[in-house]
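Hi everyone, thanks for coming. I'd like to walk you through a structure that is new to most of us, so let's bring it up on the screen.

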Amino acid sequence: MGEHPVPVILGGDLNGTASGPHLPHCDWTQQQYVARSHRAVQGPPGVWTTDTAAVDHLIGRWDPARGERVDGAGFFAVNELAWQSGTPSQEAFRRTVNSDRGGGLLVDWLLANRALRDRYVPGTYLVHVPQTQPHPSDHRLVTASFAL
């Protein structure tokens, strides 16, 4: 894939997570059908597993033998950049949904291309957990800073 000369960041609720043992996992037997239907896939014999195809397409699939992502469309997960620069895993991989049963997933992402990857400011990635009830959203705000 060619270089991206213009810094690009993508952010949003991707309704999916990526592969890798370092990311939050979900017990799909505890989830309602609606959550399973758009965040999981059903395999034989009726076992639900997390669907990571869409996010893995953007950032690459996790290769456990290499301990890194391979392939992908050239984007990097900002939470993984934060983790690699010293952010504790409990913050870098904090779930971004407020109310999923069975354990919430990290489905709200900030993705940077190669031109922006090295401009991430270490220590600035945050998942903001709302302090009010009811929560203003079923998702959490995710922020990070970049030196432009």
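Let me begin with a question: does Glu-91 count as buried or exposed? Keep in mind as we go that this is a predicted model. The answer is that Glu-91 counts as buried, because its relative accessibility is 13% and the cut-off for buried is under 20%.

Let's stay with that residue for a moment. You'll find Glu-91 in helix α4, which covers residues 89–92. What does the side chain of Glu-91 reach at 2.8 Å? One partner is the backbone nitrogen of Val-127. The side chain of Glu-91 also makes a polar contact, again at 2.8 Å, with the side chain of Arg-94. And if we leave out residues up to four places away in sequence, Glu-91 touches Tyr-125, Leu-126 and Val-127.

Now let's zoom out to the whole chain. There are five helices and nine strands. Reading along the sequence, you meet them in the pattern β-α-β-β-α-β-β-β-α-α-β-α-β-β. The radius of gyration is 16 Å, close to the 15 Å that the globule rule gives for 148 residues, so the chain is as compact as a globular protein of that length. If you like to think in box dimensions, the C-alpha trace spans about 45 × 40 × 25 Å along its principal axes.

What about the inside and the outside? Of the 148 residues, 41% count as buried. The accessible surface comes to about 8,200 Å², and 55% of that belongs to carbon and sulfur atoms. As for contacts with a separation of 6 or more, 68% of them are between residues 24 or more positions apart.

Next, the charged pairs. Side chains of opposite charge can pair when their charged atoms come close. How many salt bridges does the count come to? It comes to five, and I'll show you some of them.

My first stop is Arg-69 and Glu-80, whose side chains meet in a salt bridge at 2.8 Å, N to O. This pair links distant parts of the chain: Arg-69 sits in strand β5, residues 68–70, while Glu-80 sits in helix α3, residues 78–84, and the two are 11 residues apart. Both Arg-69 and Glu-80 are buried. They also have company, as Asp-56, Arg-69 and Glu-80 are linked in a network of salt bridges.

Then there is Arg-66 with Glu-68, where the closest N and O atoms of the salt bridge are 2.6 Å apart. Here Arg-66 is exposed, with a relative accessible area of 52%, and Glu-68 is partly exposed, at 34%.

Another salt bridge joins Asp-118 and Arg-117, with the closest N and O atoms 3.4 Å apart. Asp-118 counts as exposed, because its relative accessibility is 62% and the cut-off for exposed is over 50%. Arg-117, at 25%, counts as partly exposed.

Last, let's look at a patch on the surface. Which residues make a nonpolar surface patch of about 220 Å²? They are Val-6, Val-8 and Leu-10. Val-8 lies in the segment before β1, the strand at 9–13, and with a relative accessibility of 31% Val-8 counts as partly exposed.

That's my tour, and I'm happy to go back to any of these spots on the screen.

Notes:
Residues are numbered from 1 along each chain as its sequence is written. This is a predicted model: local features need pLDDT of at least 70, side-chain atom pairs count only at pLDDT 80 or more; totals for chains, interfaces and linings use all residues. Side-chain values use heavy atoms; hydrogens and water are left out. A salt bridge is a side-chain nitrogen of Lys or Arg within 4 Å of a carboxyl oxygen of Asp or Glu. Buried means under 20% relative accessible area, exposed over 50%, partly exposed in between (1.4 Å probe, protein chains only). Helices (H or I, at least four residues) and strands (E, at least two) are DSSP runs, numbered from the N terminus. A polar contact is a pair of N or O atoms within 3.5 Å; within protein, one must be able to donate a hydrogen and the other to accept it, and residues adjacent in sequence count only if both atoms are side-chain atoms. Contact means heavy atoms within 4.5 Å. Patches are made of residues with over 30% relative accessible area and no salt bridge: like charges are joined within 9 Å, nonpolar side chains (Val, Leu, Ile, Met, Phe, Trp, Tyr) within 5 Å. Accessible areas come from the Shrake-Rupley method with a 1.4 Å probe; for residues, only the protein chains shown count as cover. The radius of gyration is taken over C-alpha atoms; the globule rule is 2.2 Å times the number of residues to the power 0.38.
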